[in-house]
Amino acid sequence: MEQKRSQITASHKEIEELQQELDRNLTELGRVISPHMSPKEVPQEGTVEQIRSLQGEIERVDQLISEINQANMGARSSSEEISQIEQRLASIEYEKNSLYSRIGVIAYEEYTAGEAKEEFSLIFASVLHQNARLTKAQKSLKDIELRYVAASVFERMTLRMRQKKIRREIEQLNKEREQLFRDAGKQICTTKLIRDIKSKTAGTIAAEYERLEKAYEALYKQLEEKKHDRSKNEEILSHAGVANNLEKRIEELKESKSVNEENLNRLYAELGAYVLDRPEIYQKKEIPELERTLKEIASCREQIEHRQYRVKQLEAEIKVEELRQFIERDNQAIERKHAQISSLEKEIEEIKKRVSQNSEKIEELKQIIKTETGTS
């Protein structure tokens, strides 16, 4: 019996799976037949419009998800390329700064030697002023060092403090002087004054600067294009409702699509079931997928009926076994009752016998009593 119950459980599971397959096939039937149905052939008015509306919404969500993913990939790719271009621009800028410093020093040497044009005087005015401050500071430091030799212990402490202060000042002036040469060199390169420098090294630097400038301009153009691409993709993401959490927005869209698909499949399934009972709707329509779908539906139905019938057989067999067990128990109960009756009848006979014996003894005793009374 337990084996039959296991078979019933397995059959129910198979029926459930077949029913799911049947539902899918009915849904497929509705999907296949719906485009070929006229308004008077649908079960309810507006069904076709509902189907088209849901189809359109599903397509819109798919398109939006695709656009979001593409825009996100585009924005990330642009950001990576922007970062790389900015690094390359920074590298070029570093190289250009090195050239600025070199050309600034070369031009300054020619200017101080009286070999440069008057236009350089404005460029190097700050350098000259800085040099004067540096020379003054260096002279002050030298004076302190000379005084330090002959100074007392107390004076040396004061001089040592001033010494440190001036050295820090000289260090800062030298750094500023380097920046001034760099600024001067940049001005010379950007104003084309580099062509007026006589040094051969200046010509080499000018060619290298020209090369770096062209590379910089090309990269900067690429940078602007990539920024534009990133901005465009970020705008797409913004219009698509993506704030900070792209995954959350995608999940929301997928959930919306899933709901629409469920509603669409429900309509298809209802339409499929409706059409299946009305073969006159599809018999004259030439639909390639229709025959295969109908065969699969017929196969599912046949298999479901076969398993349902088998379940009924197994349940009937189990019921027969259960009833037989009930009958066997009842027959055993009857036998027990009969045995009890036989036992009780035997007891009754014994009791009747005792009653009869006791009744006889009573009569005997009565005779004795009578005899004794008469004698007296």
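Hi everyone. Let me start with one helix: Arg292 and Glu296 both lie in helix 8, which covers residues 288-375, and they are four residues apart, about one turn of the helix. They form a salt bridge, with the closest N and O atoms 3.5 Å apart. Keep in mind throughout that this is a predicted model.

Why does that spacing suit a pair? An α-helix has 3.6 residues a turn, so residues three or four places apart point the same way. And side chains of opposite charge can pair when their charged atoms come close. As for how much of this pair shows on the outside, Arg292 is partly exposed at 43% relative accessible area, and Glu296 is partly exposed too, at 30%.

Helix 6, residues 200-239, holds another such pair: Glu208 and Arg211 sit three residues apart there, again about one turn of the helix. Their closest N and O atoms are 2.6 Å apart, and they form a salt bridge. Glu208 has a relative accessible area of 28%, which makes it partly exposed, and Arg211 is also partly exposed, at 44%.

Now for a pair that reaches between helices. Lys257 and Asp62 form a salt bridge in which the closest N and O atoms are 2.7 Å apart. Which parts of the chain does this pair tie together? Lys257 belongs to helix 7, residues 246-276, and Asp62 to helix 2, residues 47-112, so the bridge ties together parts that are 195 residues apart in sequence. Asp62 counts as partly exposed, at 33% relative accessibility.

There is also a network: Glu2, Arg5 and Glu322 are linked by salt bridges. How many salt bridges are there altogether? The count comes to 18.

Let's move inside. In soluble globular proteins, nonpolar side chains tend to be buried together. Here, the largest nonpolar core has 31 residues, and Ile33 and Met37 have the most contacts inside it. Helix 1 (2-33), helix 2, helix 7 and helix 8 each give two or more residues to this core. If you click on Ile33 and leave aside its neighbours within four places in sequence, you will find it in contact with Leu271, Val275, Tyr282, Lys285 and Ile287. A second, separate core has 27 residues, among them Val127, Ile188, Cys189 and Tyr209.

Since cysteine has come up, how many disulfides does the structure hold? Zero. Cys189 is buried, with a relative accessible area of 2%, and Cys300 is buried as well, at 1%.

Next, a walk along helix 1. Its 32 residues should span 46 Å at 1.5 Å a residue, and its end C-alpha atoms are indeed 46 Å apart. The buried residues of helix 1 include Ile8, Ile15, Leu18, Leu22 and Ile33, and also Ser11, Asn25 and Thr27.

Thr27 deserves a pause. Is this residue of helix 1 buried or exposed? At 15% relative accessibility, Thr27 counts as buried, because the cut-off for that is under 20%. A polar atom of the Thr27 side chain lies 2.8 Å from the backbone oxygen of Asp23. Not counting residues up to four places away in sequence, Thr27 touches Asn265, Tyr268 and Ala269.

Back to helix 6, this time for its overall length. Helix 6 has 40 residues and reaches 58 Å from its first C-alpha to its last, close to the 58 Å expected at 1.5 Å a residue. Its buried residues include Ala202, Ile205, Tyr209, Leu212 and Asn233. Among the elements that cover the buried residues of helix 6 are helix 2, helix 5 (153-190) and helix 7.

What caps the N-terminal end of helix 6? Ser199 does, with a side-chain oxygen 3.2 Å from the backbone nitrogen of Thr201. After helix 6 comes Gly241, whose phi is positive, near 85 degrees.

One last stop. Most residues other than glycine have a negative phi, and most peptide bonds are trans. Lys192 has a positive phi, near 65 degrees, although it is a residue other than glycine. You can find Lys192 in the loop between helix 5 and helix 6, where it is partly exposed, with a relative accessible area of 39%.

That's my tour. Thanks for listening!

Technical notes:
Residues numbered from 1 in each chain as written. Predicted model: local features only at pLDDT ≥ 70, side-chain atom pairs only at ≥ 80, totals over all residues. Heavy atoms only, no water. Salt bridge = Lys/Arg side-chain N within 4 Å of Asp/Glu carboxyl O. Buried < 20%, exposed > 50% of the residue type's maximum accessible area, 1.4 Å probe, protein only. Core = buried A, V, L, I, M, F, W, Y, C linked by side-chain atoms within 4.5 Å. Contact = heavy atoms within 4.5 Å. Disulfide = S-S within 2.5 Å. Expected span 1.5 Å × (residues − 1). Polar contact = N/O pair within 3.5 Å; in protein donor to acceptor, adjacent residues only side chain to side chain.
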